[in-house]
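Welcome! Below are a few exercises, each followed by a worked solution that you can trace step by step on the screen.

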Amino acid sequence: MNQLEHIVAFVRVAELGSYTRAAEALDISRTRVSRQVMALEEALGARLIQRTTRRLHLTEAGERYLARAQGVLLALDEAAAEVGQGTSDVRGRLRVNGPMSFGTRYLAPLVAQFMQTHPALEVRLDLNDRRVDLLEEGYDVAIRIGSLPDSSLVARRLTRCRLLFCASPEYLATYGEPSSVKALAEHRCLRYRSGQQSADWQIDTQSLAVSGPLESNNGDVLTHAAEAGLGIAQQPSFLVTESIASGRLVPILINEPPVRLDVHALYPARRYLPAKVERFIDLLTDAWGDPPVWEQNIGLSPISQQ
């Protein structure tokens, strides 16, 4: 019996509350996870998880074993990280999470570059716009843009970009350019909304109520709509760099104080950061720069100079 694999399977099932989610996190079949947990229970001579048709919960023995098992796995992770700090070889598996549009443009190419440099490394890159739980879902690092909730995770700033107001030349020719941020309330605005999040625009610490013909939970949709002349969009710079450079969109209100979005790497707090995580984060920092590469050729002055 590979007891360590079985312990890992049990811990993931217990943390995620689901055999299916544990299987996804471990990238193995649900059947294999179930067999590993049952094999562990047989070896221990104790039931760890009580299964019903609708849910599962830990037995008293399972709760005690989980606390010890989590400590053992954390200690093993830190031991591997400590050893890895003295080696030049990056290997093993790296699980990365990032936002969809940004990840496709600026994260995925660097993941490929990192894997070329370290051919013994395996990577799982998941792109989505939901807030994942790094600890429960087994991610080594996540890339986040904007404000961060309070948590036990470590945050390292990689770069910062800005929110830009932009519209097509056709829209500006028809409706004119707003003279101030407050005047945006009189224009057709293309709004981003995710879940129950407000579609109002954030200007520093203030919220500006705007209206318009379209709202979406995807920034690329709003960029295409702005290019089509449907209204003004407030977009992070990485979504509109190419559109501005080609003349399909024009940045407006650029003399107003910029609204900044920090780009962070989040990872679980631990004494020793694994070499694969540290070097990956270093690559992102060096590649993106500050100001970021996507802002350097569209005529914007750096935030730090304003």
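## Exercise 1: Around helix α2

This is a predicted model. Helix α2 is followed by Asp27, whose phi is positive, near 60 degrees.

**Task.** Find what caps the N-terminal end of α2, and work out on which side or sides of α2 its buried residues lie.

**Solution.**

Step 1. Go to the N-terminal end of α2, where Ser18 acts as the cap. A side-chain oxygen of Ser18 lies 3.1 Å from the backbone nitrogen of Thr20.

Step 2. List the buried residues of α2 (residues 19-26): Tyr19, Ala22, Ala23 and Ala25. Their arc around the axis is only 160 degrees, so they sit on the same side of α2.

Step 3. Recall the helix rule: an α-helix has 3.6 residues a turn, so residues three or four places apart point the same way.

Step 4. Look for the partners of these buried residues. They pack against several elements, including the helices α1 (3-16) and α3 (30-44) and the strands β1 (49-51) and β2 (56-58).

## Exercise 2: Strand β11 and its neighbours

**Task.** Decide whether the faces of β11 are covered or open, and find how β6 and β7 run relative to β11.

**Solution.**

Step 1. Count the buried residues of β11 (residues 232-236): five of its five are buried.

Step 2. Split them by face. Ile232, Gln234 and Pro236 belong to one side, Ala233 and Gln235 to the other, and both faces are covered.

Step 3. Turn to β6 (residues 154-167). Four bridges join β6 to β11, and the two strands run antiparallel. Here Leu163 stands opposite Pro236.

Step 4. Now take β7 (residues 188-192), which pairs with β11 in the parallel sense over two bridges. Cys189 faces Ile232 across this pairing, and Leu190 stands opposite Ala233.

Step 5. Follow β7 to another partner, β10 (residues 211-216): these two are also parallel, with four bridges. Arg188 has Ser211 in β10 as its bridge partner.

## Exercise 3: Two cysteines

**Task.** Find whether Cys161 and Cys189 are buried or exposed, and how many disulfides the structure holds.

**Solution.**

Step 1. Check accessibility against the cut-off: buried means under 20%. Cys161 has 0% relative accessibility, so Cys161 is buried. Cys189 is also at 0% and therefore buried.

Step 2. Search for disulfides throughout the whole structure: the result is zero.

## Exercise 4: Into the core

**Task.** Which residues of the largest nonpolar core touch the most other members, and what does Leu158 touch?

**Solution.**

Step 1. Start from the general idea that in soluble globular proteins, nonpolar side chains tend to be buried together.

Step 2. The largest nonpolar core has 42 residues, and the ones touching the most other members are Phe102, Leu107, Ile143, Leu158, Phe280, Leu284 and Trp288. Elements that each supply at least two residues of this core include α5 (100-117), β5 (141-145) and α10 (275-288).

Step 3. Zoom in on Leu158. Setting aside residues up to four places away in sequence, its contacts include Ile143, Val263, Ile281, Leu284 and Trp288.

Step 4. Look for a second, separate core: this one has 20 residues, among them Ala23, Val37, Ile49 and Leu73.

## Exercise 5: Tyr267

**Task.** Where is Tyr267 found, and is Tyr267 buried or exposed?

**Solution.**

Step 1. Tyr267 is found in strand β13.

Step 2. Its relative accessible area is 13%, so Tyr267 is buried.

Step 3. Compare sequence with space: Tyr267 and Val96 are 171 residues apart in sequence, with their C-alpha atoms 9.8 Å apart.

Conventions. Residues are numbered from 1 along each chain as its sequence is written. This is a predicted model: local features need pLDDT of at least 70, side-chain atom pairs count only at pLDDT 80 or more; totals for chains, interfaces and linings use all residues. Side-chain values use heavy atoms; hydrogens and water are left out. A disulfide is a pair of cysteine sulfur atoms within 2.5 Å. Buried means under 20% relative accessible area, exposed over 50%, partly exposed in between (1.4 Å probe, protein chains only). Two strands pair if DSSP finds at least two bridges between them. A nonpolar core is a set of buried Ala, Val, Leu, Ile, Met, Phe, Trp, Tyr and Cys residues joined through side-chain atoms within 4.5 Å. Contact means heavy atoms within 4.5 Å. The arc is that of the directions from the helix axis to the C-beta atoms. A polar contact is a pair of N or O atoms within 3.5 Å; within protein, one must be able to donate a hydrogen and the other to accept it, and residues adjacent in sequence count only if both atoms are side-chain atoms.
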